[in-house]
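Biologist: I've got a chain open on my screen and I'd like to walk through it with you. Can I fire some questions at you as we go?

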Amino acid sequence: MSPSVPLQEMIRAIRSARTQCEERGVIQRECAAIRAQFRQADNDGRSHNLAKLLYVHMLGYPAHFGQMECVRMIASPRYSEKRVGYLGAMMLLDENQDASLLITNSIKNDLSHNSQYVQSLALCTLACMGSAEMCRDLAPEIDRLLRSSNSYVKKKAALCAVHIVRKVNELGELFAPAARSLLSEKNHGVLHGAVVLITKLCERNPETLERFRKSVPELVHIMKGLVLSGYSPEHDVAGVSDPFLQVRILRLLRILGHNNEAASDAMNDLLAQVATNTDSTKTAGNAVLYETVLTVLDIKSESGLRVLAVNILGRFLLNNDRNIRYIAMTSLQKIVGTDHIAVQRHRGTIVDCLKDPDASVKRRALELSLALVSASNIRSMMKELLNFLSTCPPELRAHAAGGIFTAAERYAPSQRWHIDTILHVLTTAGGDVRDETVPNLIQLITTASELHCYTVHKLYRALLQDISQQSLVQVACWCIGEYGDLLLKGDCQEIEAMQVNENDVLDALETVLQSHMSSPATRGFALTATMKLSTRITENVDRIRSIVSIYGSCIDLELQQRAVEYNALFKKYDHMRAAVLERMPVMEKNSTGQTNGEPAGELVKEVQPIKVSQDKPSTQPPVNQVCDLLDLLGGTEETTKPSFPPAQTTDTISSPGGDLLDLLGGLDLTSPTPVVTPITVYEKNGVTLTISCEKQSETNLTVTLIASNSTNADITTFNLQAAVPKSVQLLMKAPSGDCLPACNTAKITQVVVLNNPNKVNLKMRIRVSYTSQGSTFQETIQVDTFPECR
C-alpha cells in the first residue's frame with residue numbers, strides 16, 4: 001500500500017485485514033510512511049497524514065509521534081490545516097504533557113482572529129484539554145469573547161468558561177458579570193451556555209449563589225416563554241420546546257431555591273405551569289417533568305405543589321418504560337419520610353411493581369414498600385410482602401426478611417400476629433435471616449406467656465414438616481425444651497388439638513441431631529432441648545440419658561462438652577438437675593437491644609446481647625442460665641465469675657438459680673460496674689466508628705466497636721478487621737450485622753476480647769471496609785490510645 005493513498009483507502013485496507021497480525025502490519029507500514037513525511041520540511045500533505053494518524057489513534061495504536069505535528073499545524077495560517085491540527089491536539093494531547101504548553105500562544109492568537117470559525121476551534125480546544133496554567137493565561141480572552149456580538153462565538157465561550165471555572169475556581173468571579181448579561185440573549189444556544197455557566201458558578205461559590213438569586217425572576221420569564229410558546233421547528237423536540245434548555249433552567253432554579261423562601265415563592269407558579277402543561281407521553285416531556293419534580297421537592301415549595309410532584313411520580317410508575325419506573329421509585333424513596341401520606345396514595349401501584357421481572361425495579365419496589373409500612377396498613381402490607389418473599393429471587397430474600405422483621409417489631413398489632421409473621425418468614429426463608437433473629441424471637445416468645453402453648457404446638461408441627469430451615473429448627477428445639485410439658489398436654493385452645501406423646505417429641509429431636517442438614521449450633525439446641533425434657537417427662541428419662549451419652553464422644557467439641565456436662569448432671573449431680581434445668585425466666589429487651597434474664601424482684605445482672613442456653617456458651621455466662629453448669633466436672637481452676645452491679649438484695653436471693661450460687665462459695669456479688677468512656681476513632685463518608693473498653697481483669701480487656709451511618713443511603717458489606725501485637729491474644733466475636741441503615745437508624749456492634757498476659761502497651765490496627773452508593777471504601781486506622789475504663 002502506497003503511503004500517499006487517501007484516508008478512505010487506508011481504512012478500506014485495515015478493514016479488509018483478515019487477522020489482527022495483518023492489520024498491525026498495514027498500520028505499521030502506514031505509520032512508518034507518515035513519520036517519513038513528517039520529517040520532510042516541504043510537505044503539502046500534512047493534514048492528510050495527520051488525519052490518517054488520528055484514525056490509527058482511534059483504533060488504539062500508538063500515535064504520540066504526531067503531537068509536534070499538531071503544534072505546527074495549529075500555527076499554520078491555513079484553516080484546513082488548523083482544523084485538523086486542533087482536532088489532533090484534542091485527541092493526542094492532554095494537560096499533563098509539555099507539548100500542550102506550546103500551543104498556548106497559538107490559541108491566544110486564534111482567539112483574536114477575525115474568523116469566527118478559527119475562534120471556535122481555539123475555544124473548543126481550550127475547553128477540552130486546557131490546563132490550569134493555560135486557563136489562567138487565557139481567562140481574560142474568554143471574558144472578552146463572552147461580551148462579543150457574535151452568538152456563535154458566545155455560546156462556545158460560555159462552555160469554555162465552565163471548563164476554566166472547574167480548573168481554577170477563583171476565576172469564577174471574572175465571568176459572573178458577563179454570565180448574567182447573557183440571560184438577556186434570544187439565541188437558545190447562548191442561553192444554554194449561560195445557564196450552565198451560572199449553575200457551575202453557584203455550585204462553586206456561596207457568595208455568587210446569593211447574588212444570582214436576584215436573577216430568579218429573569219429565569220422564570222425565560223422558562224415561561226419556553227412553556228407557553230407555540231410550535232417552533234428550530235427548537236421543537238417531540239412537541240416540547242427546547243427540552244434541553246428547560247432541564248438546565250430547572251436545575252439552576254433548584255440550586256437557587258434551595259433553603260431560600262423568597263426564591264422558592266418566586267418560582268412556585270412557574271413549576272405548577274410546567275407540571276400541568278408538559279406532555280408526558282414522550283420521553284422529552286418526561287425528562288422535563290422529572291426535573292420539575294426534583295426542583296419542587298428540593299426547594300421550599302407549597303404543600304399542594306409537593307402533592308402534585310408526587311402524583312407525577314405516581315404516573316411514572318404506570319409507564320411501560322422500566323427506566324422511568326425505576327427513577328420514579330428512587331425519587332419516592334427519598335421523599336417518603338417527609339411526604340409519607342402523599343406517597344401512600346400510590347401504594348397499590350408500588351406493590352404491583354414487586355411483580356416486575358426486572359431485578360432493579362423489583363429491588364426499588366421492595367425498599368419503597370418497606371418504607372410505606374405503618375401501623376394503619378401493617379396487616380395488608382405484610383400480606384403482600386410475605387407473598388413476595390415466597391417468590392422473590394435469592395439475592396433479595398435476606399433484605400426482604402430483614403425488612404419484614406423490622407416492620408413487624410415496630411408495628412405489630414398483637415404478639416400472636418408478631419410471632420406468626422416471624423414464623424412464616426422462618427418457614428419461607430429461614431436460611432437467609434440475620435443471626436440475631438433466633439435470640440430475638442426467643443425473647444419475644446418468653447414475654448408472651450399466654451401464647452407458650454400455642455407457639456410450641458405450632459413450632460412442633462413446623463419441625464415435623466421441614467428441618468432444613470436452621471433458624472426455624474433452632475427456635476423450635478428451644479421451645480420444645482422449655483415448654484415440652486405444654487406440648488404433651490395437647491389441650492391448646494388457639495390451635496387444632498394434636499395428641500403428642502413423649503416418644504414422638506424425642507423422635508423429632510433425635511431426627512434433628514442425626515440429620516446431615518443440621519449445623520453444629522442446631523445440634524446444640526436439640527441436645528439441650530432433649531436434656532431439658534428430662535425434667536418435664538417421666539417415662540423416657542433413660543432414653544434421654546442414652547441419647548446424651550452418645551454425644552459424649554462427638555467429634556464436635558462444643559457438642560461433646562455439653563454432652564459430658566449433661567452426663568455429669570445425671571450421675572454426680574442428679575439432685576441438682578431439676579434446679580439447673582428449670583424453665584427460663586422472662587427475658588426483657590432494654591433500650592440497647594440486650595435482654596435481662598431475671599424476673600422482677602430477683603437479682604438483676606448484666607448479660608451479653610440476647611443469648612439463650614442452647615446457643616454457644618460465652619466466657620461470661622449469666623448465672624441464672626447456669627450455662628457452664630457451675631463447673632460440675634470439677635478439676636478446672638479457671639472458672640469465670642459472673643459480673644454484677646452493686647447488689648441490693650444479696651441476702652434475700654430465693655430463686656433456685658440463686659441458691660445454687662452458694663455451692664461455689666466466695667462469689668463476690670458487689671463488684672463495681674465498669675464506667676465506659678467511648679472515643680471516636682474514624683469519621684469519614686458519613687460513617688462514624690467509636691470504641692469503648694471494659695476491663696475484665698488485670699490482663700483481659702473487652703473492646704466494643706460501634707459503627708453508625710449518618711448518610712441518606714444504606715451502607716452494605718460493612719466489615720471490621722483488627723490486628724494487635726504478637727504478645728497480645730485477640731478474639732473477635734461475630735458482628736451484629738453487615739448493613740448500616742441510613743440516618744443513624746441502627747448501628748453495628750463488634751466485640752473484641754484482648755488478653756494481654758505480658759501487660760505490654762496496647763495498640764490496635766483496625767481495617768474498615770464498606771460499600772456506599774456503589775463505591776467501595778477501605779480505610780486502616782491505628783489506635784494507640786484506648787479510652788479509659790475503671
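**Talking through the model**

Modeller: Sure. The protein chain has 33 helices and 12 strands, and keep in mind that this is a predicted model.

Biologist: What percentage of the residues in the protein chain count as buried?

Modeller: Buried here means under 20% relative accessible area. The protein chain has 790 residues, and the share that counts as buried is 49%.

Biologist: And of the contacts with a separation of 6 or more, what share comes from residues 24 or more positions apart?

Modeller: A contact is a pair with heavy atoms within 4.5 Å. Among contacts in the protein chain with a separation of 6 or more, residues at least 24 positions apart contribute 65%.

Biologist: On to charges. Which helix holds both Arg12 and Glu9?

Modeller: Their side chains meet in a salt bridge, 2.8 Å from N to O. Arg12 is partly exposed at 48% relative accessible area, and Glu9 is partly exposed at 37%. The two residues sit three apart, about one turn of the helix, and that helix is H1.

Biologist: Is Asp143, the partner of Arg147, buried or exposed?

Modeller: Asp143 and Arg147 form a salt bridge with their closest N and O atoms 3.5 Å apart. The relative accessibility of Asp143 is 11%. The cut-off for buried is under 20%, so Asp143 counts as buried.

Biologist: How many residues apart in sequence are the parts tied together by Glu482 and Lys532?

Modeller: The side chains of Glu482 and Lys532 meet in a salt bridge at 2.4 Å, N to O. Glu482 lies in helix H27 and Lys532 in helix H29, so this pair ties together parts whose separation in sequence is 50 residues.

Biologist: Are those two side chains on buried or exposed residues?

Modeller: Glu482 has a relative accessibility of 0%. Lys532 comes in at 3%. With buried set at under 20%, Glu482 counts as buried, and Lys532 also counts as buried.

Biologist: What is the C-alpha separation of Ala529 and Trp478?

Modeller: Ala529 is found in helix H29, and with a relative accessible area of 0% it is buried. Trp478 is 51 residues away from Ala529 along the chain, yet their C-alpha atoms are separated by 6.0 Å.

Biologist: Which residues does Ser76 touch, leaving aside neighbours within four places in sequence?

Modeller: Ser76 is found in the loop between helices H4 and H5, and it is buried, with 6% relative accessible area. Arg46 and Glu81 also belong to a network of salt bridges with Glu69, Arg72 and Arg78. Leaving aside those sequence neighbours, Ser76 is in contact with Arg46, Glu81 and Lys82.

Biologist: Is Asn259 buried or exposed?

Modeller: Asn259 lies in the loop between helices H14 and H15. Its phi is near 55 degrees, a positive value in a residue other than glycine. At 55% relative accessibility, against a cut-off of over 50%, Asn259 counts as exposed.

Biologist: Where is Asn744 found?

Modeller: Asn744 has phi near 55 degrees, a positive value in a residue other than glycine. Asn744 is partly exposed, at 42% relative accessible area. Its place is the loop between strands S9 and S10.

Biologist: Last one: which residues form the negative surface patch?

Modeller: One member, Asp265, has its place in helix H15 and is partly exposed at 45% relative accessible area. The full patch is made of Glu261, Asp265, Asp269 and Glu302.

Key: Residues are numbered from 1 along each chain as its sequence is written. This is a predicted model: local features need pLDDT of at least 70, side-chain atom pairs count only at pLDDT 80 or more; totals for chains, interfaces and linings use all residues. Side-chain values use heavy atoms; hydrogens and water are left out. Patches are made of residues with over 30% relative accessible area and no salt bridge: like charges are joined within 9 Å, nonpolar side chains (Val, Leu, Ile, Met, Phe, Trp, Tyr) within 5 Å. Accessible areas come from the Shrake-Rupley method with a 1.4 Å probe; for residues, only the protein chains shown count as cover. A salt bridge is a side-chain nitrogen of Lys or Arg within 4 Å of a carboxyl oxygen of Asp or Glu. Lys and Arg count as positive and Asp and Glu as negative; His and the chain ends are not counted. The place of a charge is taken as NZ of Lys, CZ of Arg, CG of Asp or CD of Glu. Helices (H or I, at least four residues) and strands (E, at least two) are DSSP runs, numbered from the N terminus. Buried means under 20% relative accessible area, exposed over 50%, partly exposed in between (1.4 Å probe, protein chains only).
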